[in-house]
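Here is a short report on one protein chain and how its helices pack. Look over the sequence and the model first.

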Amino acid sequence: MIINLILKLVLSPIIIVLCDLFTPNLINYGTVSQALIIGLFVGIVNFAVEWLMLTSGTLWVTTIMDFILTMCVFFFGSKLYVDAYMTTVGALLITGVITIMEYLLHHWLLRHRWQTKLVAK
């Protein structure tokens, strides 16, 4: 479980910084630290959703919840910074990339019989 959290805390900021670098017209954070802070927050939120919801029958529900919450974090989180902006297309793009990562990670966790702590007995 700790490896999963570390993966999210490392991969989410990397994906955000790369999207910021390669799509300057859609996603633009004023500094790299802003992108890293949003990325760490996304990693923590997605880990919490996974910890609360992921079981063998909730793969798609958990992934859709990750998508919705990640979209909200990006769209509204970028408004917290004066020199950052994100278009709706940019938020959809970056959310889609992170959701694909989340789906692959959820699928891997379920194959290794990982369950949420709330339903595991």
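Leu7 is partly exposed, with a relative accessible area of 34%. Partly exposed means between the two other classes: buried is under 20% relative accessible area and exposed is over 50% (1.4 Å probe, protein chains only). This is a predicted model: local features need pLDDT of at least 70, side-chain atom pairs count only at pLDDT 80 or more, and totals for chains, interfaces and linings use all residues. Residues are numbered from 1 along each chain as its sequence is written, and side-chain values use heavy atoms, with hydrogens and water left out.

Leu7 sits in helix H1. Helices (H or I, at least four residues) and strands (E, at least two) are DSSP runs, numbered from the N terminus. Not counting residues up to four places away in sequence, Leu7 touches Ser12 and Leu105. Contact means heavy atoms within 4.5 Å. Leu7 and Phe47 are 40 residues apart in sequence, yet 9.9 Å apart in space, C-alpha to C-alpha.

**Helix H1**

H1 has 21 residues and spans 30 Å from its first C-alpha to its last. That is close to the 30 Å expected at 1.5 Å a residue; the expected span is 1.5 Å times one less than the number of residues. Which residues of H1 are buried? They are Asn4, Lys8, Ser12, Pro13, Ile15, Ile16, Cys19 and Asp20. These residues cover an arc of only 160 degrees around the axis, so they lie on the same side of H1. The arc is that of the directions from the helix axis to the C-beta atoms. The face turned away from the buried side carries the exposed residues Ile2, Ile3, Leu21 and Phe22. The cover over the buried residues of H1 includes strand E1 (27-28), helix H2 (32-53), H3 and H4.

**Three residues compared**

| Residue | Helix | Relative accessible area |
|---|---|---|
| Asn4 | H1 | 3%, buried |
| Leu7 | H1 | 34%, partly exposed |
| Gly39 | H2 | 0%, buried |

Leave aside neighbours within four places in sequence. Asn4 is then in contact with Phe47, Glu50, Leu105 and Leu109. Gly39 is in contact with Ser12, Pro13 and Ile16.

**Helices H3 and H4**

The axes of H3 (residues 59-77) and H4 (residues 88-111) come within 9 Å and cross at roughly 145 degrees. Axes are lines fitted to C-alpha atoms, for helices over the stretch in contact, and angles run from 0 to 180 degrees between N-to-C directions.
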